[in-house]
Every structure is written in structure tokens, then in C-alpha cells.
Amino acid sequence: QVQLVESGGGLVQAGGALRLSCAASGHTFSGYTMGWFRRAPGKEREFVAASGRSTYYRDSVKGRFTLARDNAKNAVYLQMNSLKPEDTAVYYCAAGSGGYFSERDYDYWGQGTQVTVSS
């Protein structure tokens, strides 16, 4: 069993930055695909970024968000720059061993951390 805990969310003005952290316990995730998803109010959860053998981002965050891994600390991060109000959502960290882009590719999920971007 892998437990994932996100932190770093909060309230920020448009154009600002936040760094989300995801800490894993129970098992090293160095061999896992690590992903970030988000769910905005009234919308379904959507893919944000993922890292396995390659790293991928959804088009709307390319150039603004960066996923980084620190396998020694069993942690993964999402640096979010130039934030926009439409980035407002609950952000989730996930670990899996299959694909990258679907929720069904991941076996373990964090509880989520709220990111609110004001205009």
C-alpha cells in the first residue's frame, strides 16, 4: 500500500506561483508513474501532468507548470507559475504503473489540496 499526501495549496493572485508537494509513504515510488490531476468546481477530474519514462503536460499548463521528482525523498512536486483563475481546483497526486493520462492508469491517490487563484 502506498499513501500519498499533498500539501502546498492555498490562495494566490493571478500571475502568482505555488509549489505543490506530494509525499509518499509505505513504498518507494521510484518505479511508479507519478501524475497530477485536478478537479475544478462542477467539473470532472482532469489530467495535469505526469512523469514516468517521459514527462507530459496538458496543453493549458505547458510553459507554466513543471513536474519534478525527488526519489531520494520519495516526493514529487508541481511548480505552478503564472497562475490563472481557471487553474482554481483541488489538485491530486497519484501513483500508477500503467499509462499516463487517464485516472484509470493510477492505483494510489492523495486526498487533494485546494488551489484558489483570484483575479
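**Group meeting talk: strands, a disulfide, rings and a loop**

Let's begin with strands. Strand β1, residues 3-7, pairs with β3 in the antiparallel sense, over five bridges. Within that pairing, E6 stands opposite C22 in β3. Keep in mind that this is a predicted model.

Now the other pairing of β3. Six bridges join β3 to β8, and the two run antiparallel. C22 comes up again here. Its bridge partner in β8 is V76. So far, then, C22 has E6 opposite in one pairing and V76 as its partner in the other.

C22 also brings us to the disulfide. How many disulfides are there? The count comes to one. This disulfide joins C22 to C93, with 2.1 Å from S to S. The link of C22 and C93 is left-handed, with -75° about the S-S bond. Where do the two ends sit? C22 is in strand β3, residues 18-25, and C93 is in strand β9. They are 71 residues apart, and the pair links distant parts of the chain. Are these cysteines buried or exposed? C22 is buried, and C93 is buried too.

Next, the rings. The structure holds nine aromatic pairs. One of them is Y100 with F101. That pair is tilted, with 50° between the planes and 6.0 Å centre to centre. Let's check accessibility for both. Y100 counts as buried because its relative accessibility is 17%, under the 20% cut-off. F101 has 47% relative accessibility, so F101 counts as partly exposed. Which residues do ring pairs link into a cluster? They are F37, F47, Y56, Y100, F101, Y106 and W109.

W109 has a charged residue over its ring as well. R45 lies over the face of W109, at 3.9 Å from the ring centre. There is another arrangement of this kind at Y77. The charged end of R19 sits over the ring of Y77, 3.9 Å from its centre.

Last stop: the loop between β8 and β9. D87 is found there, and T88 lies there too. For the strand limits, β8 covers 75-80 and β9 covers 89-96.

Take D87. Why does D87 count as buried? Because its relative accessibility is 1%. What does its side chain reach? It makes a polar contact with the side chain of R64, at 2.8 Å. A polar atom of the D87 side chain also lies 2.8 Å from the backbone nitrogen of K84. Setting aside neighbours within four places in sequence, D87 is in contact with R38, R64, F65, S82, V115 and V117.

Now T88. T88 counts as buried, because its relative accessibility is 17%. Its side chain reaches the backbone oxygen of P85 at 2.9 Å. The T88 side chain also reaches the backbone nitrogen of V117 at 2.9 Å. Again leaving aside neighbours within four places in sequence, T88 is in contact with A40, P41, Q114, V115, T116 and V117. Note V115 and V117. They are among the contacts of D87, and among those of T88.

A quick recap. C22 in β3 is joined by a disulfide to C93 in β9. Ring pairs link a cluster that includes Y100, F101 and W109. In the loop between β8 and β9, D87 counts as buried. In that loop, T88 counts as buried as well. That's the tour.

Notes. Residues are numbered from 1 along each chain as its sequence is written. This is a predicted model: local features need pLDDT of at least 70, side-chain atom pairs count only at pLDDT 80 or more; totals for chains, interfaces and linings use all residues. Side-chain values use heavy atoms; hydrogens and water are left out. Helices (H or I, at least four residues) and strands (E, at least two) are DSSP runs, numbered from the N terminus. Buried means under 20% relative accessible area, exposed over 50%, partly exposed in between (1.4 Å probe, protein chains only). A polar contact is a pair of N or O atoms within 3.5 Å; within protein, one must be able to donate a hydrogen and the other to accept it, and residues adjacent in sequence count only if both atoms are side-chain atoms. Contact means heavy atoms within 4.5 Å. A disulfide is a pair of cysteine sulfur atoms within 2.5 Å. Rings of Phe, Tyr and Trp (its six-membered ring) pair if their centres lie within 6.5 Å; planes under 30 degrees apart count as stacked, over 60 as edge-to-face and the rest as tilted. A charge sits over a ring if NZ of Lys or CZ of Arg is within 6 Å of the ring centre and within 35 degrees of the ring normal. Two strands pair if DSSP finds at least two bridges between them.
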